[in-house]
Amino acid sequence: MMLYLMDIWDSVRGFMASGGDVLWLVAAVLFLMWVLMLERYWYLNWISPKQHKAIIAAWDAREETTSWYAHRIREAWMSQAKQDLNARMLIIKTLVAICPMIGLLGTVTGMISVFDVMAVQGTSNARLMAAGISMATMPTMAGMVAALSGVFFSTRLDAKMKISLEKLKDSMPHH
C-alpha cells in the first residue's frame, strides 16, 4: 500500500513538474474550491435541515400567521435561510471562473520559456522546446478540468439549495 501511494505521489510530482509552477496555483485554487463545495454539501445535507425544522416549528407555534406583521416575520426567516444557504457560493463561482484564467497564465509562461529557448538555442533544440510547450499546455488543460468539475458540482449545489428553499417555503403556509 505504501509503495502504491509513493508511486501515485511520484506521478503527481512528475505531472506538476512538467506543467511548471502555475500548476501548483491551479491545484491550490482547485483544493480551496472543493473544500468550500464540500462544506456547502455538508451544510445542505446535515445542518440546513435542522435549521429549517426549527424555522417551521417556530412558524407553526405562532398563533397568528395571516397579518402583515406575520408575513414580514416569515419573509425575514426565509431571507435568513436563503442567505445561510448561499453563503460562500459567490466565492465558489469565482474560483470556478478563475481556474481557466490561471491555466492561460500557464500557457503564457510556458510559451515565454519556449521563446527563451528559441532565442538562446535557436530552433534546433527540439527537446527543450517540447518541455516549454508541455509547460504551456498542461496548466491550460488542468485549469479547464478544474473549472469543468467546479461548474458541474456548483450547479448541482445551486439546484439543491433552491429545492431546499422551496420546500421550506411550502412548509410555511401563509394564508
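**A guided look at a five-helix model**

Guide: The protein carries 16 positive and 13 negative side chains, and 3 Å separates the centres of the two sets.

Visitor: What makes a side chain positive or negative here, and where is its charge placed?

Guide: Lys and Arg count as positive and Asp and Glu as negative, while His and the chain ends are left uncounted. The charge is placed at NZ of Lys, CZ of Arg, CG of Asp or CD of Glu. This is a predicted model, in which local features need pLDDT of at least 70 and side-chain atom pairs count only at pLDDT 80 or more, whereas totals for chains, interfaces and linings use all residues. Residues are numbered from 1 along each chain as its sequence is written, and side-chain values use heavy atoms, without hydrogens or water.

Visitor: How many helices and strands are there?

Guide: There are five helices and zero strands, giving the pattern α-α-α-α-α along the sequence. Helices (H or I, at least four residues) and strands (E, at least two) are DSSP runs, numbered from the N terminus.

Visitor: How do you know whether the protein is spread out or a compact globule?

Guide: Its radius of gyration is 25 Å, well over the 16 Å that the globule rule gives for 175 residues, so the protein is more spread out than a compact globule. The radius is taken over C-alpha atoms, and the rule is 2.2 Å times the number of residues to the power 0.38. Along the principal axes, the C-alpha trace spans about 85 × 40 × 15 Å.

Visitor: What span is expected of helix H1, and what does it reach?

Guide: H1 (residues 2-19) has 18 residues, and the expected span is 1.5 Å times one less than the number of residues. That gives 26 Å, and H1 reaches 26 Å from its first C-alpha to its last, close to expectation. Gly-20 follows H1 with a positive phi, near 85°.

Visitor: What makes the phi of Arg-88 worth a stop?

Guide: Arg-88 has a positive phi of about 70° although it is not a glycine. Most residues other than glycine have a negative phi. Arg-88 sits in the loop between helix H3 (68-86) and H4.

Visitor: Why is His-52 called buried?

Guide: Buried means under 20% relative accessible area, exposed over 50%, and partly exposed in between (1.4 Å probe, protein chains only). His-52 has 8% relative accessibility, so it counts as buried. This residue of helix H2 (residues 22-61) touches Ala-81, Leu-85, Ser-164 and Leu-168, leaving out residues up to four places away in sequence. A contact means heavy atoms within 4.5 Å.

Visitor: How do you know whether Val-114 is buried or exposed?

Guide: Its relative accessible area is 3%, so Val-114 is buried. Val-114 belongs to helix H4 (residues 89-121). Setting aside residues up to four places away, Val-114 touches Met-129, Gly-132 and Ile-133. Its C-alpha lies 8.0 Å from that of Ala-130, 16 residues apart in sequence.

Visitor: Then why are Met-138 and Arg-88 called partly exposed?

Guide: Met-138 comes out at 21% relative accessibility and Arg-88 at 35%, so each counts as partly exposed. Met-138, in helix H5 (residues 126-171), is in contact with Phe-15, Ser-18, Gly-19 and Leu-23, aside from neighbours within four places. Between the C-alpha atoms of Met-138 and Gly-103, 35 residues apart along the chain, there are 7.9 Å.
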